[in-house]
Amino acid sequence: MGTANWEIVIGLETHAQLNTASKIFSGASTAFGAAPNSQACAVDIALPGVLPVLNRGAVERAIRFGLAVGGTIAPHSVFARKNYFYPDLPKGYQISQYELPVVSGGSFAIRVSSGGTATEKTVRLTRAHLEEDAGKSLHEDFHGKSGIDLNRAGTPLLEIVSEPDMRSASEAVAYARALHALVRWIGICDGNMQEGSFRCDANVSVRPVGSDVLGTRREIKNLNSFRFLQQAIEYEARWQIETLEDGGRIVQSTVLFDPATGQTRAMRSKEEAHDYRYFPDPDLLPLVISPAWIEEVRAAMPELPEEMKARFVSDYGLSAYDAAALTAARETADFFEQAVAAAGAGNAKACANWVMGELAARLNREEKDTADAPVTPQQLAGLVARIADGTISGKIAKEIFDALWNGEGQDADAIIEAKGLKQISDSGALEKLIDDVLAANPKSVEEFRAGKEKAFNALVGQAMKATKGKANPQQVNELLRKKLGT
Amino acid sequence: MINASLKELAAALAAKQVSSVELANQFLDRIARLNPALNAFITVGGEKSLAMARDADARIARGEAGPLTGIPVAHKDIFCAEGWLTTCGSKMLANFVSPYDATVIERFKAAGTVTLGKTNMDEFAMGSSNETSFYGPVKNPWDPGAVPGGSSGGSAAAVAARLTPAATGTDTGGSIRQPAALCGLTGLKPTYGVVSRYGMIAFASSLDQGGPMAKSAEDCALLLNVMAGFDARDSTSLERPAEDYARDLDKPLAGLRIGVPKEFFAEGLSADVAQAVEAALAEYRRLGATTVDISLPNMKLSVPAYYVIAPAEASSNLSRFDGVRYGWRAPEYGDLADMYCKSRAQGFGAEVKRRILIGTYVLSHGYYDAYYLQAQRIRRLIARDFVEAFKDCDLIMGPTAPTVAFDLGDKAGDPVQMYLSDIYTIAVNLAGLPGMSIPCGAGNQGRPVGLQIIGDYFGEARMLNAAHQYQLATDWHRRAPPI
């Protein structure tokens, strides 16, 4: 058998750090990067006698997520203690949700491209629950000892668990990207993967194609980039298939991915031999979420990507593909909408092309976020409007876009003016120009007359060249044909 | 002054008959003289107490005194107090100076009381005799050969020996009421959620409740006025309007219906205690109350249910004592696991370890349903028994403990016998109800007997009313040990 005979089954558990100003059970700040232990209060370091108090902001964000994925928001959910000893876990237990999570079910669409075509797939969610993060152990710089930084201890997390609906590493990455975009879209997580604000555990198993029984899974822990997620799953799936084909069997276990070698390795059984002894935390009352609270959160929800996509298609006449691309990230969609607002709905398609084309390419090349684009939506709208009204050609427009990007002018009009890039549409001037071109290129004229269509393009090119691209290409075409008598 | 009520002390302070500093000195002197034999205090405030007394005197001079300003109190060493050693009776915290105040401590500070010291207690409040303390057993002032009860045994002995006019205690399964009974005091455990648990080192979170221990119901009412109140830092604290717990003290008892559960008078109750309690009930009838026979059919399950739930919560609550950030760390160890094992093995005493083991066991995979969930079901049944009972009565009364104070060492070797000394108090914690103990007689060897009064939820004022009326008619609460 080969890889083709096996089906890979993947489910993801994602920890999204909720962007509350203070921690989930204390008033300490959640800001990243402070001096070690400077943001750990009495509750975070688990002094004797301290008690947790739930941050409503964290719950509100969980509700927002539940609404965004169409999940069920539990009217009554319970915080439990997950008991284990580790130096960066100050209480000796993590407060999490176990039997009754705040969100159950829900789903969202991911776009999977393979072989140049993109298809849509719905991934179901099992649950999402609130919990606190642990601190950090620092094993370097302490000469054989370990340092403990509890700044992160108590940071609110939403653990989002998917059903095992993904069938390839690419699908898993598409899911993770879509989830990443969604949590940012609804404003509950900053999505900063370097800082650990969004990290995934992947449950991977394989089974013979056609089987509907799940294979034994191994869980790859703590993948904090999409690239590692892809590599780790690919390696793990290949390893499992080889193991099974060699007559071995998969033992359920937790594995770590080593980015240096690109390999996964099982953790020592000691590292995972835990009986967490979950039980309801007696320091916290059950979390009660009233319908009124849910409605309050719903009323403040931003338009969701799916809704916005449908609106882009119906209101602006965009293709489903374009609408999906524009709504893949909130910033992109916002940029587009602002540009359309300034340029007019009639220019929506042109705005979309510019946002997905030139803007996306430049951002990508310079590794910038949309929010940091030097060109504003209004500037782009001004540019698109000048193309639409024939002031400039598309080619010149790219030059102007570059100038805007480099901060060479306040808006497209200023640059057109300063650089004299206005399109020549005056038919008298163009007619003279065409006459000159025809006179100067008798050979091309002859070839055209002999039936070579290519020669026509050469003549257009000469006309454009003579005007440094400023001639209105449509008019040049028309005038040339007229003069050549076709 | 040592026998004065809090009201009398406040009046003397207001009339400038005595200063807070003089009062503090008087009690500090008594502590210096009598505590070495009693071992009621782990820490004595000394100059720190006097500084608080000077502040109180200044406040009184400014005319800003509250009802308890300038009055000395002692706090059970389970309450974190900023700048004070806070040991919880354990070697584990023998070096722990709290950097913050418990809410209860904050409230006493705001009231202007003077902290005389921190009182001895069973280690992490686990015990009924004060023999599990790392700091050694406390002696009962009525008889140095007897235990003071526990876990708030230091507070009880200190008040009984007049080393302090009043003290705080905590009650998880009887730890205020049982030592109050054994030392001839009045002690009150409020409804769960009335007194903030913030800064009170947790034993079993769903059962722990702080409360006052003093010589009379009236004193307890004034102390509870300071201690009680909503605290946003404790999620289990109840948000209710503030109340004056002394408001009903003077109401007559005519028409009061007292439920007497037959289960409280069954096998195990010693005759001397039964007799004193019966006499107290007769006194209540004389005061105009009626007694009704009631039943709490699931009472017998309260001790087993308690010894699943309390250790379960404790096993988790005590995980933070790991030697990493504060408290005892083994001087020598190998790897991390070894550091944990040695630090905890050395830092905790035998009873604490026993309960951590029980708690860990009952929460373990495969046992959770059979033990923990089953105990929670029993807990609901017990609470329902009380709801039913309170349909026929206003208060429930019976013995606080099955015997008077037992001798030191008597039950130390037999945990189950020890656990049974809380047989009448535990159900109250499981149900979250308020309960108190008042002195109602002398039993064998002249040792005090406690009458337990159990109220319905938020029935503190009513309980205090019944206790105060009894204390107006009797003098058991005025009797002091012969030291």
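This report walks through a predicted model with chains A and B, from the place where they touch to some strands and helices of chain A.

## Where the two chains meet

Let's start with the contact between the chains. On the chain B side, 35 residues take part, and they touch 26 residues of chain A. Three helices of chain B, namely α9 (302-317), α10 (336-347) and α11 (350-363), each put at least two residues into this touching side. The top contributor is α9(B), which gives 3 residues. What kinds of residues make up the side of chain B that touches chain A? There are 17 nonpolar, 11 polar and 7 charged ones.

Now zoom in on one residue, B:D322. You'll find B:D322 in the loop between α9 and α10 of chain B. Is B:D322 buried or exposed? It counts as buried, because B:D322 has 26 C-beta neighbours inside 10 Å, and the cut-off for being buried is 20 or more. If we skip its neighbours within four places in sequence, B:D322 is in contact with A:F85 and A:G92 from chain A, and with B:Y340 and B:S343 from chain B. For a sense of distance, take B:K215, which sits 107 residues away from B:D322 along the chain: the C-alpha atoms of the two are separated by 39 Å.

## A three-stranded sheet in chain A

Next up are some strands. As general background, strands of a sheet pair through backbone hydrogen bonds, either parallel or antiparallel. In chain A, 3 strands line up as β5-β4-β16 to make an open sheet, and their pairing is antiparallel. β5 (93-97) and β16 (279-280) of chain A are at the edges with a single partner strand each, so one side of each has no neighbour in the sheet.

Look at how β4(A), residues 79-83, holds on to β16(A): the two strands run antiparallel and are joined by 2 bridges. Here A:R81 sits opposite A:F279 of β16(A).

## β8 and its partners

Strand β8 of chain A, residues 117-132, is worth following along with your finger. It pairs with β6(A), residues 103-104, in the antiparallel sense over 2 bridges. In that pairing, A:V103 has A:A128 of β8(A) as its bridge partner. β8(A) also pairs with β7(A), residues 107-114, again antiparallel, over 8 bridges. One matched pair there is A:V112 with A:T119 of β8(A). β7(A) and β8(A) form a hairpin with 2 residues between the strands, and in this hairpin A:G115 takes a positive phi near 60 degrees.

There is also β11(A), residues 156-162, which pairs with β8(A) in the antiparallel sense over 7 bridges. Across this pairing, A:L130 stands opposite A:L158 of β11(A).

## Two pairs of crossing helices

Time for helices. Packed helices are generally described by the angle between their axes and the distance between the axes. How do α8(A), residues 330-343, and α9(A), residues 348-365, cross? Their axes come within 9 Å, at an angle of roughly 140 degrees, and the crossing is right-handed. From α8(A), the contact uses A:T332, A:F335, A:F336, A:A339, A:V340 and A:A343, while α9(A) brings A:A348, A:C351, A:A352 and A:V355. That contact has 9 nonpolar residues, 1 polar residue and no charged ones.

The second pair is α14(A), residues 442-449, with α15(A), residues 453-466. The axes of α14(A) and α15(A) come within 7 Å and cross at roughly 145 degrees, and this crossing is left-handed. A:S444, A:E447 and A:F448 of α14(A) meet A:A455, A:F456, A:A458 and A:L459 of α15(A). By class, the contact of α14(A) with α15(A) splits into 5 nonpolar, 1 polar and 1 charged.

## A helix with two faces

Finally, have a look at α16(A), residues 473-483. Its residues A:V476, A:L479 and A:L480 are buried. Why do they end up on the same side of α16(A)? They cover an arc of only 100 degrees around the axis, so they share one side of the helix. The cover over these buried residues includes α13 (427-440) and α15 of chain A.

Turn to the face that points away from the buried side of α16(A), and you meet the exposed residues A:Q474, A:R481 and A:K482. Just after α16(A) comes A:G485, with a positive phi of about 70 degrees.

Definitions and conventions:
Residues are numbered from 1 along each chain as its sequence is written. Chains are lettered from A and ligands numbered from 1 in the order in which they are written. This is a predicted model: local features need pLDDT of at least 70, side-chain atom pairs count only at pLDDT 80 or more; totals for chains, interfaces and linings use all residues. Two residues are in contact if their C-beta atoms, placed from the backbone, lie within 7 Å. Helices (H or I, at least four residues) and strands (E, at least two) are DSSP runs, numbered from the N terminus. Ala, Val, Leu, Ile, Met, Phe, Trp, Tyr, Cys and Pro count as nonpolar, Asp, Glu, Lys and Arg as charged, and the others, Gly among them, as polar. Two strands pair if DSSP finds at least two bridges between them. Axes are lines fitted to C-alpha atoms, for helices over the stretch in contact, and angles run from 0 to 180 degrees between N-to-C directions. A crossing is left-handed if the near helix is turned anticlockwise from the far one by less than a right angle, and right-handed if clockwise. A residue is buried if 20 or more other C-beta atoms lie within 10 Å of its own, exposed if 12 or fewer, and partly exposed in between; C-beta atoms are placed from the backbone. The arc is that of the directions from the helix axis to the C-beta atoms.
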